[in-house]
Amino acid sequence: MSKAINWPEKYADEILKENKNEIKIALRLGTLYDENEYYKQDDIVDIRTGDKILRKAQIACQTKTTKIKNIATSDLYRLKGDLHSNDSIVKFLTDTYNKKVDEETTVTIITYKNLDIVEEEA
């Protein structure tokens with residue numbers, strides 16, 4: 001099974017409408033993905049919602065960790081459309097992981113470049 005970046009189903013349409021070669025980011029709680037170098041620069045991964053692979057992506061650079069309050073504005077706008085503020089990120093991560101999250105919470109930033117849509121799933 002290939003590596004994947006998973007998004008909730010509500011983002012499926014947005015993922016399919018994103019431009020090929022567009023740089024996006026995903027956030028994951030904690031430092032585990034960064035410490036273990038799970039995603040390496042140039043890895044090809046699946047962008048998934050549920051059990052559907054919607055498109056491929058290429059990891060654009062090494063992962064990095066930061067507190068939510070320190071996420072750069074330029075990175076905020078690489079997230080999904082409803083996640084462009086710290087408050088919305090806190091809510092999303094709290095709901096997704098069912099854990100207490102605040103602006104002091106450390107997250108791993110995964111930077112990726114969209115590639116082709118997987119036609120049979122789209």
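Is Glu-22 buried, partly exposed or exposed? Glu-22 is partly exposed, with a relative accessible area of 28%. That is a handy way into this structure, which is a predicted model.

**Salt bridges**

Glu-22 has a charged partner: it forms a salt bridge with Lys-24, and the closest N and O atoms are 3.9 Å apart. The two ends of this bridge sit in rather unlike surroundings. Lys-24 is buried because its relative accessible area is 5%, and buried means under 20%. Glu-22, at 28%, is partly exposed.

The story doesn't stop with two residues. Lys-24 and Glu-22 belong to a network of salt bridges that also takes in Glu-18 and Lys-80. As for where Lys-24 sits, look in strand E2. Skip the residues up to four places away in sequence, and Lys-24 still touches Glu-18, Arg-78, Leu-79, Lys-80, Ile-110, Thr-111, Tyr-112 and Asn-114.

In total, the model has 13 salt bridges. Here are three of them, with the gap between the closest N and O atoms:

| Acidic residue | Basic residue | Closest N and O atoms |
|---|---|---|
| Asp-82 | Lys-10 | 3.4 Å |
| Asp-116 | Lys-20 | 2.8 Å |
| Glu-22 | Lys-24 | 3.9 Å |

Take the Asp-82 and Lys-10 pair, with its 3.4 Å gap. This bridge links distant parts of the chain, 72 residues apart. Asp-82 is in the loop between helix H3 (73-76) and helix H4 (86-97), while Lys-10 is in the loop between strand E1 (4-7) and helix H1 (12-17). Asp-82 is partly exposed at 39% relative accessible area, whereas Lys-10, at 59%, counts as exposed.

Now for Asp-116 and Lys-20, whose closest N and O atoms are 2.8 Å apart. Asp-116 lies in strand E6 (residues 106-117) and Lys-20 in the loop between H1 and strand E2 (23-29), so the pair ties together parts that are 96 residues apart in sequence. Asp-116 is partly exposed, with a relative accessible area of 45%, and Lys-20 is partly exposed too, at 46%.

**The nonpolar core**

Which residues touch the most other members of the largest nonpolar core? They are Ile-5, Trp-7 and Ile-89, in a core of 28 residues. Several elements chip in: E1, H1, E2, strand E3 (44-49), strand E4 (52-59), H4 and E6 each supply at least two residues. There is a general pattern to keep in mind here: in soluble globular proteins, nonpolar side chains tend to be buried together.

Trp-7 is worth clicking on. Leaving out neighbours within four places in sequence, its contacts include Ile-15, Ile-25, Ile-47, Leu-79, Leu-83, Phe-92 and Tyr-112. Charged residues turn up on that list as well, among them Arg-48 and Lys-80. Remember Lys-80? That residue is also part of the salt-bridge network with Lys-24.

**A polar contact in E4**

Over in strand E4 you'll find Gln-58. Its side chain makes a polar contact of 3.4 Å with the side chain of Asp-42. Beyond its neighbours within four places in sequence, Gln-58 is in contact with residues including Asp-43, Ile-44, Thr-111 and Leu-115.

**Two positive phi angles**

Finally, check the backbone at Glu-37 and Asn-98. Glu-37 isn't a glycine, yet it has a positive phi of about 45°. This residue lies in the loop between helix H2 (32-35) and E3, and is partly exposed at 43%. Asn-98, also not a glycine, has a positive phi near 55°. Asn-98 sits in the loop between H4 and E6 and is exposed, with a relative accessible area of 72%.

Notes: Residues numbered from 1 in each chain as written. Predicted model: local features only at pLDDT ≥ 70, side-chain atom pairs only at ≥ 80, totals over all residues. Heavy atoms only, no water. Salt bridge = Lys/Arg side-chain N within 4 Å of Asp/Glu carboxyl O. Helix = DSSP H or I, 4+ residues; strand = E, 2+ residues; numbered from the N terminus. Buried < 20%, exposed > 50% of the residue type's maximum accessible area, 1.4 Å probe, protein only. Core = buried A, V, L, I, M, F, W, Y, C linked by side-chain atoms within 4.5 Å. Contact = heavy atoms within 4.5 Å. Polar contact = N/O pair within 3.5 Å; in protein donor to acceptor, adjacent residues only side chain to side chain.
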